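Trainee: Could you take me through the ligand site of this model, please? I would like to know what surrounds the ligand and how the neighbouring parts are held together.

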Amino acid sequence: MSEKTLFSRIIDREIPSEIIYEDEHCIAFRDISPQAPLHALVVPRKPIPKVADAAAADAGLLGQLLLAAGKVAEQQGYADAYRLVINNGSGAGQTVFHLHVHVLGGRAFKWPPG
Ligand code: 5GP
C-alpha cells in the first residue's frame, strides 16, 4: 500500500492545521506559509497526485473543488477578488503531490503571474 500524502494526513487529523471548510468531497485549510492575507488550500479527499492525473470520472470532483474554493473565498470575506492557482508538476512549482487549489485573497495580484 502506498504511503499517505501529507494532505491525507491533514485530512485525517494526524497533522494539525487550521481547517476552515469541509464537505463530503474536500477540505480547506490555511497554508502554513501564506502568500496573501487569505491563503487556503482546497484539497479533495481523494488523493489524486496532480490535475493531469485526474480522469474523466473525476470531472464532477474537479467542479466541486472550484465551487468549494469560491465558498471559502466568500466565507473569508474575499468574494469580490481572489485568485485560484493549481500548480501541476514540479516544473510549475508543485511541491505536494496531492491535488490542491490555492485560494489567495486580500492583496493586489499581478498579471502575468510569477
Ligand atoms: P504547491 O507548491 O504543491 O502548489 O503547494 C503546496 C503548499 O502546501 C505550499 O504553499 C506549502 O506552503 C503548503 N504546505 C506544505 N506543507 C504544509 C503543512 O504541513 N501544512 C499546511 N497547512 N500547508 C503546508
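Mentor: Happy to; we will start with the ligand and then turn to the elements around it. Keep in mind that this is a predicted model.

The space taken by the ligand is the largest pocket. Around the ligand there are 16 residues, and those that come nearest are Asp31, Asn87, Gly93, Thr95 and His102. Two of these also make polar contacts with oxygen on the ligand: Asn87 places a polar side-chain atom 2.8 Å from an oxygen atom, while Gly93 uses a backbone N or O atom, again 2.8 Å from an oxygen atom of the ligand. On its own the ligand has 520 Å² of accessible area, and the protein covers 83% of that. A nitrogen atom of the ligand has a partner too, since a backbone N or O atom of Arg30 lies 2.9 Å from it.

Now for the elements. Two or more residues of the shell come from each of α1 and β2, and α1 gives the largest share, three residues.

These elements also meet through an aromatic pair, the one such pair in the structure. The ring centres of Phe7 and Phe29 are 5.3 Å apart and their planes stand at 70 degrees; over 60 counts as edge-to-face, so that is what this pair is. Phe7 belongs to helix α1 (residues 6-11) and Phe29 to strand β2 (residues 26-30), so the pair ties together parts that are 22 residues apart in sequence. Both Phe7 and Phe29 are buried.

Notes
Residues numbered from 1 in each chain as written. Predicted model: local features only at pLDDT ≥ 70, side-chain atom pairs only at ≥ 80, totals over all residues. Heavy atoms only, no water. Phe/Tyr/Trp six-rings, centres within 6.5 Å; stacked < 30°, edge-to-face > 60°. Helix = DSSP H or I, 4+ residues; strand = E, 2+ residues; numbered from the N terminus. Buried < 20%, exposed > 50% of the residue type's maximum accessible area, 1.4 Å probe, protein only. Near = heavy atom within 4 Å. Polar contact = N/O pair within 3.5 Å; in protein donor to acceptor, adjacent residues only side chain to side chain. Areas by Shrake-Rupley, 256 points an atom, 1.4 Å probe, with all protein chains shown as cover. 1 Å grid on protein atoms, 1.4 Å probe; cavity = no way out; pocket = protein on both sides within 12 Å on 5 of 7 lines; lining within 4 Å. Sits in = over half its atoms within 2 Å of the grid points.
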